[in-house]
Amino acid sequence: MSDLKLTVALTSVNGENMSRHDMLQWVNDMVHGQFKKIEELCSGSAYCQIMEMIFPNCINLKRVKMSAKLEHEYLHNLKLFQAAFNRLKLDKTVPIDRLIKGRFQDNFEFLQWFKKFFDSQAPGLENLKSLANAPVPKPIKPRGFVKEDALLAKQMQHLVLQPELENDEALKDMMEEQQMLCLKIDRAMEERDQCYKKLRLIEVLMVDMINNNQEVDLCKRFQSVLFKAMDGQEPIEENVEDPAVEVADPNEGLY
């Protein structure tokens, strides 16, 4: 008998009739996010945060890429999300391969299921949900202090800028150096992303060769090098069954 705990099944009977806007607002309220479209939930960061609310310490949020923009970053977050279900022995397979594509229907259906799961697993968070859904009042600033605050801010700005004006040449050199460093960082990130894509293409190619019993031993030796952890890093998880990159031609981009 399996030790996995059953979760919930989303049906037309138990499903909530919440619109896409209501569901998105619920997510934004829970994580104080600024998601504008259901498709943006494919990053997985919101699911990781809400899962941590339901089951504290099930996910190390420091490992979650909160501002994920690339597909491999989505994959990283969704793997952490799936690992939380596995760690808690909950019988749920997250459809990572569908969510990661950012299609509305797939992400909306999964969000509906996750909302039902949240309601069934987190009865103790009712106060938190009420607090999260409540409008946050904007602080009212007394009018009498507006001019004084503006004057104080101007004085502080003058004090800060005074030494900068005296060292204008040094500041100019520093800014030019900073711009050069930013350009180097941007180039390094682009090269990193290109290298990652090429390595993913190589991984897909090796998996395809192994499945076709072609050079199996050699491919497995290559895989052991690809997934070998560097000093001070955690082992890299293989993604054999559900590769995150759709490749028409496995050799494309290798040259």
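This passage describes the fold, helix 5, the salt bridges and the aromatic contacts of a predicted model.

The chain is helical throughout its assigned secondary structure, with nine helices and zero strands. From the N terminus on, the elements run α-α-α-α-α-α-α-α-α. The chain has 255 residues, of which 29% count as buried. Contacts were considered between residues at least 6 apart in sequence; 62% of these join residues at least 24 apart. The exposed surface of the chain comes to about 18200 Å². Carbon and sulfur atoms supply 55% of that area.

Helix 5 covers residues 104-121. Its 18 residues should span 26 Å at 1.5 Å a residue. The end C-alpha atoms of helix 5 are 25 Å apart, which agrees with the expected span. The buried residues of this helix include the aromatic side chains Phe108, Phe110, Trp113, Phe114, Phe117 and Phe118. Leu111 is also buried, as are Asp106, Asn107 and Lys115. The buried set of helix 5 therefore holds charged residues, Asp106 and Lys115, alongside the rings.

The structure holds four salt bridges. One of them lies within helix 5 and pairs Lys115 with Asp119. The closest N and O atoms of this pair are 2.9 Å apart. Lys115 and Asp119 are four residues apart, about one turn of the helix. The two partners differ in exposure. Lys115 has a relative accessible area of 8% and is buried, because the cut-off for buried is under 20%. Asp119, at 23%, is partly exposed.

Salt bridges with shared partners join Arg98, Arg103 and Asp106 into one network. Asp106 is the shared partner in this network: Arg98 forms a salt bridge with Asp106, and so does Arg103. The closest N and O atoms are 3.6 Å apart for Arg98 and Asp106. For Arg103 and Asp106 the corresponding distance is 3.2 Å. Asp106 is buried, with a relative accessible area of 14%. Both arginines are partly exposed, Arg98 at 38% and Arg103 at 44%. The network thus connects a buried carboxylate to two partly exposed arginines.

Aromatic contacts are a further feature of the model. The structure holds 15 aromatic pairs. In one of them, the rings of Trp113 and Phe114 have their centres 6.5 Å apart. Their planes meet at 40°, so the pair is tilted. Both Trp113 and Phe114 are buried. These two residues belong to a cluster linked by ring pairs. The cluster also takes in Phe110 and Phe117, which are among the buried residues of helix 5. Its other members are Tyr47, Phe55, Phe81 and Phe85.

Two lysines place their charged ends over tryptophan rings. The charged end of Lys92 sits over the ring of Trp113, 4.2 Å from its centre. Trp113 thus has a lysine over its ring and also belongs to the aromatic cluster. The charged end of Lys115 sits over the ring of Trp26, 5.3 Å from its centre. Lys115 therefore takes part in two kinds of contact, the salt bridge with Asp119 and the placement over Trp26, while being buried at 8% relative accessible area.

Several of these contacts involve helix 5. Asp106 is one of its buried residues and binds into the network with Arg98 and Arg103. Lys115 and Asp119 both lie in helix 5. Trp113, likewise among the buried residues of the helix, pairs with Phe114 and lies under the charged end of Lys92.

Conventions
Residues are numbered from 1 along each chain as its sequence is written. This is a predicted model: local features need pLDDT of at least 70, side-chain atom pairs count only at pLDDT 80 or more; totals for chains, interfaces and linings use all residues. Side-chain values use heavy atoms; hydrogens and water are left out. A salt bridge is a side-chain nitrogen of Lys or Arg within 4 Å of a carboxyl oxygen of Asp or Glu. Buried means under 20% relative accessible area, exposed over 50%, partly exposed in between (1.4 Å probe, protein chains only). Helices (H or I, at least four residues) and strands (E, at least two) are DSSP runs, numbered from the N terminus. The expected span of a helix is 1.5 Å times one less than its number of residues. Contact means heavy atoms within 4.5 Å. Accessible areas come from the Shrake-Rupley method with a 1.4 Å probe; for residues, only the protein chains shown count as cover. Rings of Phe, Tyr and Trp (its six-membered ring) pair if their centres lie within 6.5 Å; planes under 30 degrees apart count as stacked, over 60 as edge-to-face and the rest as tilted. A charge sits over a ring if NZ of Lys or CZ of Arg is within 6 Å of the ring centre and within 35 degrees of the ring normal.
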